[in-house]
Amino acid sequence: MDTFNIMGVDPGSNNVGVSIFELNNDLEIVKIHTHNIALVVDESNGIHDVVVDRLKKLAFMIRAIYSMYNPTMVAMESSFINPSRLGAVIPLTKSIHVIESIIESVDSYAKIVTIPPGLIKKIFGVKQVGKDVVSEGLIGKSYFNKVTTELSEHEIDAIAITETLLEYIKTTDGMACIKYIDLGE
């Protein structure tokens with residue numbers, strides 16, 4: 001069976017979730033791989049902001065994951081402002097920029113899309129508000145049995161992002177970057 005991968009990323013400045021859907025020619029999920037990247041660094045490395053070290057670690061990890069799975073397309077949650085954490089938008093935006101830049105440096109033909117959080121929740125089929133709505137929504141999915149490990153909230157969000165990408169691909173009759181892939185048929 002020939003397969004290809006798509007990737008979803010839940011960006012952050014402390015933790016990043018990554019989900020890879022391995023798909024067959026009929027766009028059915030064969031396997032789901034997830035990664036929780038904890039951006040823990042030595043906070044006594046000097047006078048620069050610790051975010052710099054976190055972003056270096058993030059760049060290394062995204063390069064490794066992207067190279068390992070070689071996804072056809074990547075979706076990422078877009079930057080947003082959380083009124084209760086106004087200072088988080090700048091590190092989040094920096095994280096998104098690093099992820100996009102690293103992927104582009106590995107694959108100059110990479111197709112990367114960003115999706116607003118509200119649209120992800122809508123397509124994933126969960127309420128717009130609530131802390132555990134995405135986790136609860138995942139349990140009801142038919143592919144939940146393809147997840148073989150306990151998941152962090154960031155990996156769960158990455159799965160929702162990847163499913164949003166998959167639904168987009170299905171409803172647009174295949175993106176040009178996927179439609180003409182030679183899968184060795």
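**Close-up views of a predicted model**

**Figure 1. Arg54 is a buried residue of the predicted model.** With a relative accessible area of 16%, Arg54 falls in the buried class, for which the limit is under 20%. Arg54 is placed in helix H1, which covers residues 50-69. The side chain of Arg54 reaches that of Asn14 in a polar contact of 2.5 Å.

**Figure 2. Helix H1 and the elements that cover its buried residues.** The 20 residues of H1 should span 28 Å at 1.5 Å a residue, and the end C-alpha atoms of H1 lie 29 Å apart, in agreement with that expectation. Besides Arg54, the buried residues of H1 are Val50, Val51, Asp53, Leu55, Leu58, Ala59, Ile62, Ile65, Tyr66 and Tyr69. Packed against these buried residues are S1, S2, strand S3 (29-38), S4 and H2. Immediately after H1 comes Asn70, with a positive phi near 45°.

**Figure 3. The largest nonpolar core has 23 residues.** Those touching the most other members are Met7, Val16, Val18, Ile37, Leu58, Ile62 and Ile99. At least two residues of this core come from each of strand S1 (3-10), strand S2 (15-24), H1, strand S4 (73-77) and helix H2 (89-106). The greatest contribution to this core is that of H1, which gives eight residues. Another core, of 21 residues, lies apart from the largest one and has Leu27, Ile29, Ile32 and Val147 among its members.

**Figure 4. The surroundings of Val16, one of the core residues that touch the most other members.** When residues up to four places away in sequence are set aside, Val16 touches Val9, Asp10, Pro11, His35, Asn36, Ile37, Leu39, Leu58, Ser95, Ile99 and His154. Among these neighbours, Leu58 is a buried residue of H1, while Ser95 and Ile99 are buried residues of H2.

**Figure 5. Helix H2 and its cover.** An expected span of 26 Å for the 18 residues of H2, at 1.5 Å a residue, agrees with the 26 Å between its end C-alpha atoms. Val89, Pro91, Leu92, Ser95, Ile96, Val98, Ile99, Ile102 and Ile103 form the buried set of H2. The cover over these residues includes S1, S2, H1, S4 and strand S5 (112-115).

**Figure 6. A salt bridge between Lys170 and Glu167.** The closest N and O atoms of the pair are 4.0 Å apart, and the count for the model is one salt bridge. Lys170 and Glu167 both belong to helix H5 (residues 153-171), where, being three residues apart, they are separated by about one helical turn. An α-helix has 3.6 residues a turn, so residues three or four places apart point the same way. Side chains of opposite charge can pair when their charged atoms come close. Both partners are partly exposed, Lys170 at 41% relative accessibility and Glu167 at 29%.

**Figure 7. Two residues with positive phi, Leu27 and Asn70.** Leu27 has a phi near 60°, a positive value in a residue other than glycine. Leu27 sits in the loop between S2 and S3 and is buried, its relative accessible area being 17%. Asn70, likewise not a glycine, has a positive phi of about 45°. The loop between H1 and S4 holds Asn70, which at 53% relative accessibility counts as exposed.

**Figure 8. Thr3 in strand S1.** Thr3 is partly exposed, with 30% relative accessibility. The side chains of Thr3 and Glu22 are joined by a polar contact of 3.3 Å. Between Thr3 and Phe21, which are 18 residues apart in sequence, the C-alpha to C-alpha distance is 9.9 Å.

**Figure 9. The chain as the setting for the close-up views, with six helices and five strands.** Along the sequence, these elements follow the pattern β-β-β-α-β-α-β-α-α-α-α. The chain has 185 residues, of which 46% count as buried. Of the contacts between residues at least 6 apart in sequence, 59% join residues at least 24 apart. The accessible surface of the chain is about 10,100 Å², and carbon and sulfur atoms account for 53% of that area.

Methods:
Residues are numbered from 1 along each chain as its sequence is written. This is a predicted model: local features need pLDDT of at least 70, side-chain atom pairs count only at pLDDT 80 or more; totals for chains, interfaces and linings use all residues. Side-chain values use heavy atoms; hydrogens and water are left out. Helices (H or I, at least four residues) and strands (E, at least two) are DSSP runs, numbered from the N terminus. Buried means under 20% relative accessible area, exposed over 50%, partly exposed in between (1.4 Å probe, protein chains only). A polar contact is a pair of N or O atoms within 3.5 Å; within protein, one must be able to donate a hydrogen and the other to accept it, and residues adjacent in sequence count only if both atoms are side-chain atoms. A salt bridge is a side-chain nitrogen of Lys or Arg within 4 Å of a carboxyl oxygen of Asp or Glu. A nonpolar core is a set of buried Ala, Val, Leu, Ile, Met, Phe, Trp, Tyr and Cys residues joined through side-chain atoms within 4.5 Å. Contact means heavy atoms within 4.5 Å. Accessible areas come from the Shrake-Rupley method with a 1.4 Å probe; for residues, only the protein chains shown count as cover. The expected span of a helix is 1.5 Å times one less than its number of residues.
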